[in-house]
Every structure is written in C-alpha cells, then in structure tokens.
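User: Could you take a close look at one part of this model for me, the places where the chains touch? A plain walk-through in one go would be great.

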Amino acid sequence: MAKDNQVLEEITSKEYEHGWTVNLEADESPKGLSEDIVRFISSKKQEPEWLLEWRLKAFRSWQKMVEPKWANVKYPEINYQDIIYYSAPKQKAGPNKLSEVDPELIKTFEKLGISLTEQKRLTGIAVDAVIDSVSVATTFKEKLGELGVIFCSFSEAVREHPELVKKYLGSVVPMNDNYFAALNSAVFSDGSFCYIPKGVRCPMELSTYFRINAANTGQFERTLIVAEEGSYVSYLEGCTAPMRDENQLHAAVVELYAMKDAQIKYSTVQNWYPGDKNGKGGIYNFVTKRGLCAGDHSKISWTQVETGSAITWKYPSCILKGDYSMGEFYSVAVTNNYQQADTGTKMTHIGKNTRSRIVSKGISAGKSQNSYRGQVHVMKRATNSRNFSQCDSLLMGDKCGAHTFPYIDVENSSSKIEHEATTSKIGEDQIFYCLQRGIDEEAAVALIVNGYAKEVLSQLPMEFAVEAQKLLALTLEGSVG
Amino acid sequence: MSAITSDIDLKEKIAQAFEQTPDRKNIQRTEALQHFQKLGLPGNKTEEYRFFPITRALEKNFDFDQSNPIESKIKSIYQFLIPDLEANVIVFINGIYSPVFSKVISPENEIIISDLRKAVNQNEAPLYFEKYLKTSADPFTALNTALWQDGVFIQVPAKTKVEKPVFILHINDAEKEQSICHTRLLVVLEEESELTLIERSTSIGTNNIFHTFAEEILVKENATLDYVKIQNDEGKLHQVANSLIHQSSKSKLNTFTLTMNGSLIRNNFNIAIDGENCESHFYGLYLLNGNTIADNHTVVDHIKPNSFSNELYKGVMDGNSKGVFNGKIFVRPNAQKTNAFQSNRNILLTDTATINTKPQLEIWADDVKCSHGCTSGQLDEEALFYLRSRGIPLNNAKAMLLYAFAAETLEPIKNTELKSYLDGLISQRLNKY
Amino acid sequence: MLTIKNLKAKVEDKLILNGINLQVNAGEIHAIMGPNGSGKSTLASVLAGREDYEVTEGEVQFLGKNLLELDPDVRACEGIFLAFQYPVEIPGVSTVNFMKTALNKIREYRGQPSLDAVAFLQLMKEKMKLVEIDQSLLSRSLNEGFSGGEKKRNEIFQMAMLEPKLSILDETDSGLDIDALRIVANGVNKLRSKNNATIVVTHYQRLLEHIVPDFVHVLYKGKIVKSGGKELALELEAKGYDWIKNEMELV
C-alpha cells in the first residue's frame, strides 16, 4: 500500500507536458460579452451580413438561457463578463504560404509534435492548426483540392464557399441548441471546415490541432464536416493548452453531416490542461458534438480519448435519420487529481433498421469524479433497430468516484437494446501475475489499463493510437489503490 | 423541483384536507405539510417524475374539494385473499383500518400489531417513525406524512420467528364515488427475528382512486424479512408508494413486487444497507397492458462494507402501456468489498408500448464488484425456432418463453401457497399470448 | 420419403446452396459430408424451416407434401426432427414441461389423444434408459448449463420421445468424446427402423463407424459433387477434402 501511494504520488506530481506558453503577440477583444463584442468579432473577420445576424440571434437566445446544472460536476460560477472572447495571434494578414507564417507559430506547433512544414508529407495527414481562436495554417490544401475536397479554416470557408456554409451551419446543432452551443454560435472565431464531394474517399487523414495560448481567453471554435453521397473521411482532432492558474473556458461546436452511403470517422485526443494536483486551474471543456446520418446507409463514428481538462462536459451524439444508418461511440475518459468528467453520447434512432454501438471506458484516480451519461432513444418509426452499449468503470484508490447514468427509451417492439455496465478495480491477481513475470508495478498498470481501453484505442488511426497510449500510461502509471 | 403555476392551486387544494386531519397539530405533520408545499407537485421537467404524469392526472381526474372518506358496502373480503394461505390479515378500506375484516392469528408473543396513530405518541414507535423516510426528499412522502389517516405498527420481538405471514390488504372502494386516501405502515423486526410480510392493493368500482402509501421497515441485526407487494388492481388506481427498508448487520432481505394493473402506479422503493454482511434480493415484475403506466424507482444504498445485493426487475409491456424503471445503486466511500448487481430486462409486445429505463451506478469505493445490465427487445428468435422445430406452435412457444422470462423473478419467494398464487397470476396473464 | 430437387438457398445475398438433388427413402441412412462452409448445416436448417435462409429455387417434397410451404412446427408435426449442432439454452423452461407440450402437440396433429402425466413420465423413463440420460438433467431448465455432450444427448433423447419419420443430425458428433459418441450412436441405431430415415451431417468419418450409412454424399460449394456407398467415407478420410477440391477444380 505504502508503495502504491508513493507511485501514485509520483504520477500525480508529474508535470503537464504541454504546459509551456509562447510569447505570441495577440490581437484581442476587450473582456466581456455584449452585442458590441459579437459585432466586433464579426467585423474583425469581415463577415457577411447574414452571418452577423445569425450570431446576434444566437446571442439573444443565449441571454435568455440558463447554464445547465444537471451534469455531475461542480465548479464555481463562471463570470462570462470576465472572459476575452476573441484573441488572434498577430501576424501579417492572410498567410498564403507557410513561409509567411510567423516562425514562432511554427515552433509552437513543432513543440506539439505537429509539423506545419510540408516536408513531412510522408505522414500523410493534412493539418489545420487553430491557435487561441484562429486558424493559422492548413497544409496539403492543393493536393486535396484536386479531388474537390475542401479543407480550410472556417473563416476561409465563409469567404470562399459561403453557399455551403450558409446551407449547413447550424443544421445539426441549431444555434440555440443549448447554453454553450448558443454561446459558441454568438462568438465563435474560427475552426475547420471540410467538404467531401460525392463518391470521394478522402485519401489522407484530415486533422486539426487546437491550442489555447493567450491568458484569460476562451476558445470557441466550430467544426463543420459535410460528407456527400458515398464519400468517406477520417478526421482527427487534438488539443493542448498552457498551464495557468485560472480556469479557461472552451466551448466548441462540431457538426457532422453524412449523406446517403457516406461515412465520417471523427477521432479526438483531448489533452487540455487539467489543472494542477490541487485542482487549481485547468480548462472547462464544454463541448457540443453531434452528427447527423441524414442519408440511408450512412455511418458516423466518434472515438475520443479524454485525458485533459479540469471539467469535461461532452456528449458526441448521432441522429440516425437515414434507414440502415449507423452510429458509433468509442470513449476512454481518464480523470485524476481533482478532474471531473461527465461524458457520454446520445443515439437517436429515427430511421428503420438503424444500428448504434457504444463502448465507454472510464478510469478514475486521485480525487476525481468520472461519469458516463448516455441516452439511447429508439423512436416508434425506427423499427428493427439495434443498440449495444458497454460502459465500464475502473477505480484506482478510494477517494475517487465512478458514475453511470444511462437513459434507455424504446418505443417499438421490434428493436433490441442491450446495455451492460461494470465497475471494478485492477485485479490484484492481474498485477501479481505481471510481477511474477518480472514486470514492475507501474508497467503492469500501464499494460492492464491499455488492455482495458484497447477496444477503444484500436478505433483510432495509427498515428493517434500511439499518442493516446502514451497519454494513458503517463496519466495513470502505478495509480493502483 | 419545478412547480408550474397551475399546479399551485392544485397543491393548495390537496393540502386542504389537512384541516380535517386528526392530530393536525402534531409537529411532524406540520413540518411535512411545509415540505410538501415547498416541493410542490412534480411537473414534467422534474427529473424523478419525468415519465410519470401524476400531477396532470390528479388535476384532471379528482375533485379535492370533496373531503369525507366515503362509506363502503363491502360484505366480504374472501375474493381478495390468497387461497390456502393462513395469515394474519390486516385490512384497510379506503385508508381506514377495518376491525371487522382484520384477523390476527399468531400468538401475542410472536407479533405485536397496534394502531399506529396511538403508537406514535407512546412506547417505541416514535423512535423509528420518520427516522429513515425523509419528507424533504419526495413530495408524496411529505403529503402522506402530513395527511395519513390510519396505519399499523408491527413489532416482532427479538429471537422470534413469526410462523404465519402478515397479509396487509388495502381495498379501495370506488363503487359510488372517487376515493382519496393516505395510509402508513411501520414495521420493526428486532434482532434475530423472522417475518413474511405481504401487501396487496386492490379495488372495486370504476371511479378514480388516489392512494399514497408510506412505509418504513427496520430489519435489525440477524433478522430476516420476506416482503411481497402485489399491485393487481382492476380499478382506476393512482398510487404512489414510498417504501424504505433499513437493514442492520447480518440481516437478510428478500423482496418481490408484482405490478399488473391500475392507471398510474409508482413505487419509490429504497433499501438502505446500513450494516456489514447483509444480503438483499430485490426482485420485481411488471406485466402491463391497456393504458397502465408503472414506474419503479429503486435505490440500493450500500452504506457499510462487505454486503451483497442483487436486484432483478423484469417487464412485459402490451397494449399502450408504459413501463419505467429507474434503479440506483450507491456504494458509499466506506462500503469496500461491496458486491452489488442489478439487471433490468424488458419485452415490448406492441409498437404502442414503451419502456424508459435508467439503471444508475454511483460508486465511491474502489474495492467493489458492481454491475448493471438492461435490455429491451423481443423474445429470443433462436429459442422460438428451437421450440417450433419440436412441434410447438408459434403462440404456445411465445407463451412458454414469456412465462419463463417472467417466472424467474419468483425465485426468492419461499412460501409455497404464496408462490403458487403469484405463479397463477403470471401464467394466467401470459397464457393469452 | 424426401425428395429434394435443385434446391438453392441464400443468406444475406450469399448463395449457400446451389442446386441440391437428393432422394431419401424409408429405412435408409444418408450421410452428408463436406469441408467447412460447403453448406451442410444450411441444408439441415433449410429442411427444418429456419427463417434466416431464403430459398430462391427448387422444391422439397416430404411424404407427398411441399415441405417449403410449412411452418417449422408443422414440419415437426409431419415428422421432421433436427438435432441441432448448437442446441440453444432456454432458461426458465423446464425440459419436462417442454417435452410434454411438444409431444402432445404432435400427437394432437396426428389425431392421437394427449398423454396424461403418468403415461408421459412412463414414456420418459423408458426413453431415458435408451439414450442413457440422467433424470437430474431433465429436471433442469432446457439445456441450461449443460455440457456439450449433455446437450447432444438431450437432442437424441428428444428424438426418441418424438419418434420422427426423418431425423437430421447436424454435426451431432462435434465436441463429443468417444464415450458420448458411442452413447449417441447407440441411441440413433436403436431408434432406426424400416419406417424412418436418417440424414447424418458430419465433417468426420468417425461417427459413421458407429452409425453405418447406406449412402454417402459429398457436398462442396453448395452442390452434391459425389455420391456413393459407405466406402466413400473411408476414401474421403484417407485422401482428405483436398482430393475433392482438386478434382472439382480440374472439372
């Protein structure tokens, strides 16, 4: 026991690896939120009138809404007037070539292990990098362009492809969907936009790296992915932030739109700053992610590895509208120290013969609280639908909590729903078995936890799987109670 | 808890009955009334009552200005008894204890049954009354505590086995007009005692019935309780039952709740496992048809270490019926080495029936084994094919499988007459498919 | 008794049976052998009426009736019995109650009176001896917690109880040790008469040492590609299925 505690101590005292800041000169809005700030953001981005109107509508809805309190998380009241809603790293307007990008920025991303220089073409991943609130660079654009794939920053999409943005913006997550989505709709500053034309199988992974750099800022980006009939795209998202004593708000919106026979695979490795071991600082990660399987036989698959953030409030969901459409949700959520996570998914079965699958693995250590919250709703019309959910929790130590809140609502007799959940700790016999084979305790725990999360990790694209495994081991090695 | 504006009048109207309540100066009643007024009636946004439209039903179907409990013309209770079961029978008619129909057959040294209204002012009852069932937690517990008209206090002395079960029968007579009543039960099983307690609620007549029921049962060290609740009510019963069973160390508990009929049936059933080495089997079955809504909210709260609980609730929904299951398992920070299992299985027979289920685990201790599972679906196709391939026609095969599905919940029942009675109710219901 | 003509069946757009022709007469035992995936079990399932398979072509006559038109339970009443490769476990349904229901339904179909409890138990005891099955197994839920061997023995017990005209044994030997194999085979042999017939579906020759077939058919890619006497099974055992595959590829 004494040894375990020591190991636990070592781990929890481990520094957050991405906790550096960079001295980037930033172009910021004043603190606080009002119609003027919304207008300021819109004019900074030289947006068309319809988009400003859309933002203002969202803002007015937001003003009438109250912050949701149903999640199993506790945090002090957020003062929405004490946040900077717009911060852009200062640089010459519109870098069209990478050589024009601020060298500090390139260094920033290199520290993150992401190359914006196209020499690393071999990795075969196109990257859109968003720092604070603004997209700073997108790689592999021309190559994708040849296939008709549009992959660019949200601002650029508004300028270059207004008809597409206008058509799909808010079509999956309406601007007044919930408190944080409405806030995002009012003040979002940038994000990524992807459009995969009919029948195109996107040849490389598309990826966005988000980083909050400036102090006192919130990050409010939006991602919109539209997959036309018969197309396929795999999209990756990664996030980090510097260590700061105060909490920072991240309220993003992701919308996925899949037409007939289209497939979207969306993977996230979320490693925002979780706060220190006493629970000071860290990101409030309040994110709305939703996919619409609009066409028959379409498929949307969410995979997430959540290791960061002080508080996570996130439910990547699927609306299964098309007949035979399919939704998947694979999640590993790790909480340590004073982290709190309330995450899960919502599968809404509307079309006939729709399928969904949920695999959620929660791991709690330290004094953290980890909740799975998910809904499977099978509507009357959704005959012959199927759902299988598996939600497992692993507890390490006796100061943390694991909670499971599944909601299952079924309205027809031909559908079949199965939900299973277990809570357990790492077996002493498993550890002993490893020790007996000469594997030390830290390595044994890493091994067992990775095995426990394997079903989810194996869903990630190769490049991410390695990173995710390292993250898991880093957060949890030896945290056996 | 959110109360919508129109509910405020309703709330006041319901509370009017307080003026006619005996002992209304009693401090517990007054406080309970305040809690009820503060909590208000649950609206459709109230999480715990999301699928149970009781407020709307009370508003629509009842006249709360009508106050006096109505006379009943019942001549015999024979038809409501369990065949061949020798039991101590306690009868309430429209919420009022009936000395005519009640009959205690066990000797006085085995069991003490007394008037709860008298008992709360004397002897030991005040030690236990409202000790675990909190009026601040649920509006109907509060309402019942403020308005209860009658009740019994049952004590089983230490080291005593009550040979004959206690059968509590609630008859709601709505032959001539609506019936509104609130009854109460307090049961204490002293150390190393044993009791089988059966409760049945039934009715006559076609007018509306609103019945709240609250019960507290203490199962002390090494005691054993078998508890069965039968809700097979043909009438327009709107019932909210709040039950709390408190277990001390090494006690054993078997419960079974059968819900088959009624308009709106709500069971808030909590088990507090407040001792080590306890064992609890917590079973339920709801076989619904017509427009019945049955909502089982259960809580198994592991407060102390080293105990075992196993919960199994099953449902078959036909017609336009709606089944609701909400099962919470709590494992408190001290409750190491807890084993807690929960399973909820449902079959929908029509496309107009629904099931809303929410099994919940909340765990704050790491050295535990907990799991829950829930399913909704149809009968197993493989099993159906197997039966048919042996010459059994589709309908018979279905009935056989439905019966097998349902009958598993009878497992913890030991009393043979009771078991065969329940078995009969189930097979009779399921045989028509 | 049974005539299969050009039978084709598919599951989820995949053609599994590709034109089967087979004639089985009363008193005969036919063995159907073939490599994995050749369609053996599918043929057994289609004859018993499993709905997962769609018959796209061909016909099946059984005692003068169009078998394919009948529901699975009616087929059973007509005298078809399938001993399942993987008998399903049915919790809560007691084997005795199940058997009694089945037997009386079949008797009803044949215009015979129902057996009362005493007569039924008498019959059960008699048949239990025949297949060397223990009473304790039958007092449990249907197949629940049975070992592989116990499940197979229970299948043969049911066959003895229901006295079918045509029995189809689907890989009954798989997962059996030598003793269990002998018991199962003895049961089948004892039930054999000039009025009934048996189709033995198997991958290996070893079952056929105990249940000696009159005819052996080799199934490959959904078709019967070779038929012969019992010596064909031995030849197959010696040469292996590759022999058939190679021969077919040459053709």
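**Where the chains meet**

Analyst: Between chain B and chain A there is one salt bridge (a side-chain nitrogen of Lys or Arg within 4 Å of a carboxyl oxygen of Asp or Glu). Asp367(B) pairs up there with Lys425(A), with 3.9 Å between the closest N and O atoms. Keep in mind that this is a predicted model, where local features need pLDDT of at least 70 and side-chain atom pairs count only at pLDDT 80 or more, while totals for chains, interfaces and linings use all residues. As for bookkeeping, residues are numbered from 1 along each chain as its sequence is written, chains are lettered from A and ligands numbered from 1 in the order in which they are written, and side-chain values use heavy atoms, with hydrogens and water left out.

Back to chains B and A: 35 residues from chain B and 35 residues from chain A are in contact, meaning heavy atoms within 4.5 Å. Together the two chains bury about 2600 Å², 47% of it on carbon and sulfur atoms; buried area is the accessible area (1.4 Å probe) that two parts lose on being put together, summed over both. There are also 15 residue pairs in polar contact across this interface, both residues at pLDDT 80 or more. A polar contact is a pair of N or O atoms within 3.5 Å; within protein, one must be able to donate a hydrogen and the other to accept it, and residues adjacent in sequence count only if both atoms are side-chain atoms.

On the chain B side, the elements that give two or more residues are β18 (354-363) and β19 (369-377), and β18(B) gives the most, with 10 residues. (Helices, H or I with at least four residues, and strands, E with at least two, are DSSP runs numbered from the N terminus.) By class, that side has 13 nonpolar, 14 polar and eight charged residues. Here Ala, Val, Leu, Ile, Met, Phe, Trp, Tyr, Cys and Pro count as nonpolar, Asp, Glu, Lys and Arg as charged, and the others, Gly among them, as polar.

β18(B) also pairs across the boundary: six bridges join it, antiparallel, to strand β23 (residues 401-410) of chain A, where pairing takes at least two DSSP bridges between two strands. Ala402(A), for one, stands opposite Ile363(B) in β18(B).

Now turn to chain C. Here 17 residues of chain B touch 31 residues of chain C, and the two chains bury about 2000 Å² between them, 65% of it on carbon and sulfur atoms. Phe385(B), Tyr386(B) and Arg390(B) lose the most area in chain B to chain C, together 39% of what that side buries. Five salt bridges cross this interface, including one between the side chains of Asp73(C) and Arg388(B) at 3.0 Å, N to O. Eight residue pairs are in polar contact there, again both at pLDDT 80 or more.

The elements of chain B that give two or more residues to this side are α7 (381-388) and α8 (394-407). α7(B) gives the most, with six residues. By class, the residues on this side come to 10 nonpolar, three polar and four charged.

One last stop is inside chain C, where four strands form an open antiparallel sheet in the order β2-β1-β4-β5. β2 (14-24) and β5 (65-66) are its edge strands, each pairing on one side only. Strand β1 (residues 2-11) of chain C and β2(C) pair antiparallel over eight bridges, and Lys8(C) stands opposite Asn18(C) in β2(C).
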